[in-house]
Structures are given as C-alpha cells and as structure tokens.
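Reader: I would like to learn how to read a structure like this one. Could you take me through it step by step?

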Amino acid sequence: ADIPVICIDGPSASGKGTLAARVAERLGFATLDSGALYRIAGWAAQHHGLDISTANATALAQLARTLPVAFVQDRVFYDGEDITLAIRSSEGSRNASLISAIGPVREALLSFQRDSARLPGLVADGRDMGTVVFPQAVLKVFLTASAEKRAERRYKQLISQGLAANITTLREELETRDARDASRSVAPLRPADDALMLDNSDMDIDTATLQVLSWWAQKH
Ligand code: C5P
C-alpha cells in the first residue's frame, strides 16, 4: 500500500506514454501502459470472433481475465503471435475504446493493473489511473494537448513504425474516441479532483518531464 505511484491520465495521443517512460527512467520506476491492456483485450475479442458489445460482457470479461499475453522488451505477444503493431492500428484503437466502455472488462483488468505496482515505484498512464485504479497515488497528472498537436504526434508515431496514416482521419478518430471515453458511464476520462493539469501543446518532452519530476520532488 505504500508503493509510490505517479498517475498520468489524459486524452488520446497527449504524450502520456512517452512522458511516463521518461519519468520512470529518471526515477528508476516501473511503468504501466494501461491502454495497451484494453488494446490487447480488443484485439483478442476480434481474434475470437466475439462482438464487442455489452451483450457479450461476460464472455469479454472472461477473455480479459485470462489473456495469454507476454511482454518481451517493447513487443507484445498474444499466444506467441506478435501483435505489437496490430494493436496500434486505427482499428486496434477503436476496438480498445469500445471494449473499455464495458464495466466487467474494466473489473477484470483491475487486479493486473494494481499488481503492477512495485518498489521503488510505478508510473501508470491511462484514463482512470488517478480516479479509479490508484486513487491513493501521491502524484496525479492530467496531461492534455490540442487536438491538432495530438493528431500530428500520432501521425509521426505511426509513420515511424512504418504504418500508413492520414492526419485528418487521425484527428477525427482521436476526437471520436475521446468523446466516447469521456461520456461512458464507467470510469470516464476526467481529471481526478487532486490532479495537476499539464498542457504540453507547446512544450517539448524534456520540459514536461522536468515539470513532473519537480512536482514529484515537492510531493515526496
Ligand atoms: O492510451 P491508449 O490510447 O493506448 O488507450 C486506448 C483506449 O483504451 C482508450 O481510447 C480508452 O478507451 C481505453 N483506456 C481506458 N482506460 C485506460 C487506458 C485506456 O479506458 N486506463
């Protein structure tokens, strides 16, 4: 219960993953990419031919509880199959957002997320790290950036991975996904009451990292 946790929540492509990795590296902490879990669960549902709808909530939750997944360095394997790129595609993002709105699926992924906290500490990024998964966290950051900047960053990320992308489509997809994530009834995207707001639209990653480290030093 005394394991230090830093939560970084915010909308799609706001830079949470990169920031979490930098902060964790500086502090020697582990990271939790909670979005990856919903991406993997969404991929698994499609793989098993299960419609992502509340009608299948029980089966989807059962699937999420028993994902045969392995994280090897920066790659993700499902039952031995490398799904690293597949879960980052537009379809993967959409499936993640759809499955993440199903309450029993969120329940099923809760203990895995909480169990990933270990000494000397954890940096967790997602939508509900500060509100639901780690409400007792020492530091909660809500990271935002303009839709334009977020679309631009996601575009560069996909291109650098050798994936096809269109910036206008990406922006529309981000906005659709954020609207769904923010309006769902379970664990909607919103800042925790005690979250510190960080808009990194016009901030480079080093500046954002230093800001979080300085907040951490003040809280700690
Ligand atoms: O962070 P990322 O874009 O990889 O997350 C993919 C999707 O997973 C989000 O759009 C959201 O619907 C869902 N998600 C969530 N709760 C989290 C992390 C991600 O609902 N903690």
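Reader: Which atom of the ligand lies 2.8 Å from a polar side-chain atom of Asp-128?

Author: A polar contact is a pair of N or O atoms within 3.5 Å; within protein, one must be able to donate a hydrogen and the other to accept it, and residues adjacent in sequence count only if both atoms are side-chain atoms. Here the partner of the polar side-chain atom of Asp-128 is a nitrogen atom of the ligand, 2.8 Å away. The protein covers 98% of the 450 Å² of accessible area that the ligand has on its own, by the Shrake-Rupley method with a 1.4 Å probe. This is a predicted model, in which local features need pLDDT of at least 70 and side-chain atom pairs pLDDT 80 or more, while totals for chains, interfaces and linings use all residues. Residues are numbered from 1 along each chain as its sequence is written, and side-chain values use heavy atoms, with hydrogens and water left out.

Reader: What distances separate Arg-39 and Arg-106 from the ligand's oxygen atoms?

Author: An N or O atom in the side chain of Arg-39 is 2.6 Å from an oxygen atom of the ligand, and for a polar side-chain atom of Arg-106 the distance to a ligand oxygen atom is 2.7 Å.

Reader: How many aromatic pairs does the structure hold?

Author: A pair of aromatic rings is described by the distance of the centres and the angle of the planes. Rings of Phe, Tyr and Trp (its six-membered ring) pair if their centres lie within 6.5 Å, with planes under 30 degrees apart counted as stacked, over 60 as edge-to-face and the rest as tilted. The structure holds 2 such pairs. Phe-29 and Trp-216 have ring centres 5.7 Å apart and planes at 90 degrees, so this pair is edge-to-face.
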